[in-house]
Amino acid sequence: SVLSFFGLVPAALVGVDVASLLQRANRMRENCASSVAAHSNPGAFLGAALATLAAAGRDKLTLVTSPSIDSFGLWAEQLIAESLGKHDKGVVPVANEPPIDANSYGDDRFFVYLRVNGDDNATTDESIRQIGERGHPILRLDLHDRYDLGAEFFRWEFATAVAGAIIKVNPFDQPNVQAAKDMTDSVLQGYRATGKLPDRRFGSSVKELLGSITDGDYLAIMAYVSQTPEIDCALETLRRQIAERYGVATTLGYGPRFLHSTGQLHKGGPPSGAFLQITTRHGDGGPIPGAHFSFGTLADAQALGDRKALVAAGRRVARLHLDSDVAAG
């Protein structure tokens with residue numbers, strides 16, 4: 001079940017010996033037993049660090065990884081965002097953020113560096129060194145090889161439960177995920193009645209959204225577009241430019257799949273998020289049997305429902321619609 005948790009498996013685990021992976025996980029489980037003192041318990045220590053640093057204003061958990069486990073951040077992002085982002089509390093996980101000048105990081109950051117021995121870590125090591133020199137808290141977790149990911153899966157799930165207890169949120173529910181579902185259902189009911197989606201022109205302009213950003217905020221880019229290498233590159237550039245110009249953390253999710261992960265954090269977490277939704281024409285996408293609308297209409301409705309749910313939650317949100325070349329746009 002560890003391997004299929006939330007359906008996200010780091011690429012480093014493809015083709016591994018599962019028995020060895022679970023052996024490392026079991027060793028971490030033993031190290032996190034209730035008989036182990038808290039300061040020596042790796043899961044409790046990480047959970048306490050997440051919660052207490054967030055309470056001190058360093059709630060932007062920035063995950064930095066060695067190249068061979070670069071997709072681990074997306075797994076941890078989903079775990080932490082959905083589990084802890086509730087009741088205007090939580091930890092904002094920042095995964096796969098493009099590197100920026102160390103001077104551009106704000107005082108709301110907490111860095112966790114998962115370093116795999118034997119990887120080409122020279123560039124990342126230097127970046128972490130510079131970040132540390134500027135006084136940002138850094139927790140370094142050394143992995144002998146990719147099989148230590150089994151231990152990290154357990155450590156991070158255990159730590160998330162501990163952090164939830166300290167923050168006083170239930171890490172095992174997702175109350176705000178339902179809000180976007182309900183809004184989408186409402187949009188689709190209107191489509192069934194009229195044959196078209198409601199007016200989508202509401203929320204702030206992009207200029208107004210960016211102008212509202214202050215220290216301690218984060219910008220979430222929600223891309224309701226088909227993922228391609230060109231779009232990945234364009235959005236990475238956008239994230240870097242925003243982070244360096246405004247000094248804030250950025251996150252990125254492709255819609256609608258992020259709705260069951262960071263979607264919970266967006267509506268239920270700290271009210272420090274600014275949300276940029278990027279949409280495009282989905283086309284028909286083929287009919288959904290018995291639904292009276294196509295997959296393309298469903299995707300458009302989910303984007304609209306998500307934006308409505310954000311506005312209803314009092315969040316700052318803007319929509320940028322790109323009709324043609326999304327990467328160029």
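**Exercise 1. Is Lys168 buried or exposed, and what is its relative accessible area?**

Solution.
- Start with the basis: this is a predicted model, where local features need pLDDT of at least 70, side-chain atom pairs count only at pLDDT 80 or more, and totals for chains, interfaces and linings use all residues. Residues are numbered from 1 along each chain as its sequence is written, and side-chain values use heavy atoms, with hydrogens and water left out.
- Set the cut-offs: buried is under 20% relative accessible area, exposed is over 50%, and partly exposed lies in between (1.4 Å probe, protein chains only).
- Apply them: Lys168 has a relative accessible area of 63%, so it is exposed.
- Place it: Lys168 sits in the loop between α5 and α6 (177–194). Helices (H or I, at least four residues) and strands (E, at least two) are DSSP runs, numbered from the N terminus.
- Check the backbone: phi of Lys168 is positive, about 75°, although the residue is not a glycine.

**Exercise 2. Find where His87 lies and describe its backbone and exposure.**

Solution.
- The loop between α3 and β2 holds His87.
- Its phi is near 55°, a positive value in a residue other than glycine.
- With a relative accessible area of 57%, His87 is exposed.

**Exercise 3. Work out the surroundings of Thr62.**

Solution.
- Thr62 belongs to strand β1.
- Its relative accessibility is 3%, so Thr62 counts as buried.
- The strand around it is mostly covered, with 6 of its 6 residues buried.
- Lys60, Thr62 and Val64 point one way from β1, while Leu61, Leu63 and Thr65 point the other way.
- β1 pairs with strand β2 (residues 92–94) in the parallel sense over 3 bridges. Two strands pair if DSSP finds at least two bridges between them.
- In β2, Val94 stands opposite Thr62.
- Leaving out residues up to four places away in sequence, Thr62 touches Val94, Glu97, Arg109, Phe110, Phe111 and Val112. Contact means heavy atoms within 4.5 Å.

**Exercise 4. Identify the largest nonpolar core and its best-connected members.**

Solution.
- Define it: a nonpolar core is a set of buried Ala, Val, Leu, Ile, Met, Phe, Trp, Tyr and Cys residues joined through side-chain atoms within 4.5 Å.
- The largest has 32 residues, and Leu61, Phe72, Val112, Leu114 and Trp156 touch the most other members.
- α2 (42–55), β1 (60–65), α3 (72–84), β3 (109–116), β4 (138–143) and α5 (149–167) each supply at least two of its residues.
- Apart from this core lies another, of 18 residues, including Val225, Leu235, Ile242 and Tyr254.

**Exercise 5. Describe the two largest pockets.**

Solution.
- Define the space: on a 1 Å grid over the protein atoms alone, a pocket is an open set of points where a 1.4 Å probe fits, with protein on both sides within 12 Å along at least five of seven lines; lining residues have an atom within 4 Å of a point.
- The lining of the largest pocket counts 41 residues, with Asp70, Ala95, Asn96, Glu97 and Arg239 nearest its centre.
- α4 gives the largest share of that lining, 6 residues.
- In the second largest pocket, 17 residues form the lining, and Leu235, Leu238, Ile278, Leu320 and Gly329 are closest to the centre.
- Here the largest share, 5 residues, comes from α8.

**Exercise 6. Locate the cis peptide bond next to Pro256.**

Solution.
- The bond from Gly255 to Pro256 is cis, with omega near 0°.
- Pro256 is in the loop between β6 and α9 (262–268).
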